[in-house]
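This briefing introduces one protein chain to a reader who has not seen it before. It starts with the chain as a whole and then turns to particular parts.

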Amino acid sequence: MTGFGKGEYENESWKATVIMRSLNGKGLEISLRMPHYLLPIEKDIKDRISSKLKRGTITVYIDLEQKVVKPPVDTEKLKANVEMLKELVSKLNLAPSDDKILDYAWRYSEKAEFEIEEELKTVVLKAVERALEELLESRKKEGEALKKDLEERIRRIEQYLEIIDEKRDEIKERIKQRVIERAKALNLPEEHPTVLNELMFLLEKYDVNEEVIRLKAHIERFKRLLESNEEVGRKIEFLAQEMHREITTLGNKIPDFSEYTVEIKSEIDKIKQQAANVE
């Protein structure tokens, strides 16, 4: 299901801006676009998103602004390293320049590139949560429109099925008349065993009562799913496949209904496509 969300959060040191986009997808795939030094909290970010979303291709853009520039080294550690190096060179009777001592001390006092402070982690995750809330609201609005579309399609299927249900007796009568006409052409009475056997065989062959009953049951199940607050996307996909199987069997039994079965199959195919967008 498509959607868009933007979230911001800041404290005295950092400001995080998160943009989240969602596209249709059968499973959940999360892609992060963020500064490389946020890699240690990648799992935390994905866990927050996956706790709320189950399907879709989610792309997350994270931008950070450092409001207070912090020194690239631990100053206390740098001071201690300088003192340690001076003491060491004195003991070894060496004479390096102060610049050389500072260079070595600085090198071992730099802050770890991937060290994430707790306050930075909090800022990022808060911004992610706000973007996720807006994305969920966006997907909810699309979901309401999608529900109306699915309701309209299932209503059309019901209408075509009602026509089939009404006309199937006409088809049976037509079949009966064909058999009787062929019997007359052969000078056979209607009560002749051959005529009766042929009639029973054709009526059984063209009997679609079970398919109609199952289709109606699937339609009722479909309506209940649309009103459910649970995750129904995969259930709708499965139900659409079952409906397609039943209408295919029905169409094969009575080709006279092809006008309606083709329309029903078309609506079912569109339902299957839309179901991929449903949680």
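Of the 279 residues in the protein chain, 35% count as buried, meaning under 20% relative accessible area, with exposed over 50% and partly exposed in between (1.4 Å probe, protein chains only). The model is predicted, with local features needing pLDDT of at least 70 and side-chain atom pairs counting only at pLDDT 80 or more, while totals for chains, interfaces and linings use all residues. Residues are numbered from 1 along each chain as its sequence is written, and side-chain values use heavy atoms, with hydrogens and water left out.

**Whole chain**

- The protein chain has eight helices and four strands; these are DSSP runs numbered from the N terminus (helices: H or I, at least four residues; strands: E, at least two).
- Along the sequence their pattern is β-β-β-α-β-α-α-α-α-α-α-α.
- Among contacts (heavy atoms within 4.5 Å) with a separation of 6 or more, 79% are between residues 24 or more positions apart.
- About 17,100 Å² of the protein chain is exposed, and carbon and sulfur atoms supply 49% of that area (Shrake-Rupley method with a 1.4 Å probe; for residues, only the protein chains shown count as cover).

**Nonpolar cores**

- The largest nonpolar core (buried Ala, Val, Leu, Ile, Met, Phe, Trp, Tyr and Cys residues joined through side-chain atoms within 4.5 Å) holds 29 residues, of which Ile157, Phe222, Ile236, Leu250 and Ile271 touch the most other members.
- Two or more residues of this core come from each of helix 4 (118–185), helix 6 (209–227), helix 7 (233–253) and helix 8 (258–275).
- Helix 4 contributes the most, eight residues.
- A second, separate core has 26 residues, including Trp14, Ile116, Leu120 and Leu125.
- Beyond its neighbours within four places in sequence, Ile157 contacts Ile219, Met243, Ile264, Glu267, Ile268 and Ile271.

**Helix 7 and helix 8**

- Helix 7 and helix 8 pack with their axes 9 Å apart, at an angle of about 165° (axes are lines fitted to C-alpha atoms, for helices over the stretch in contact; angles run from 0 to 180 degrees between N-to-C directions).
- Helix 7 is therefore roughly antiparallel to helix 8, a label for angles over 145 degrees.
- Residues of helix 7 that meet helix 8 include Ile236, Met243 and Leu250, and those on the helix 8 side include Ile264, Ile268 and Ile271.

**Glutamate 237**

- Glu237 lies in helix 7.
- Glu237 counts as buried because its relative accessibility is 15%.
- Leaving out residues up to four places away in sequence, Glu237 touches Lys26, Arg55, Lys272, Ala275 and Ala276.

Technical notes. Angles under 35 degrees count as roughly parallel, over 145 as roughly antiparallel, 65 to 115 as roughly perpendicular and the rest as oblique.
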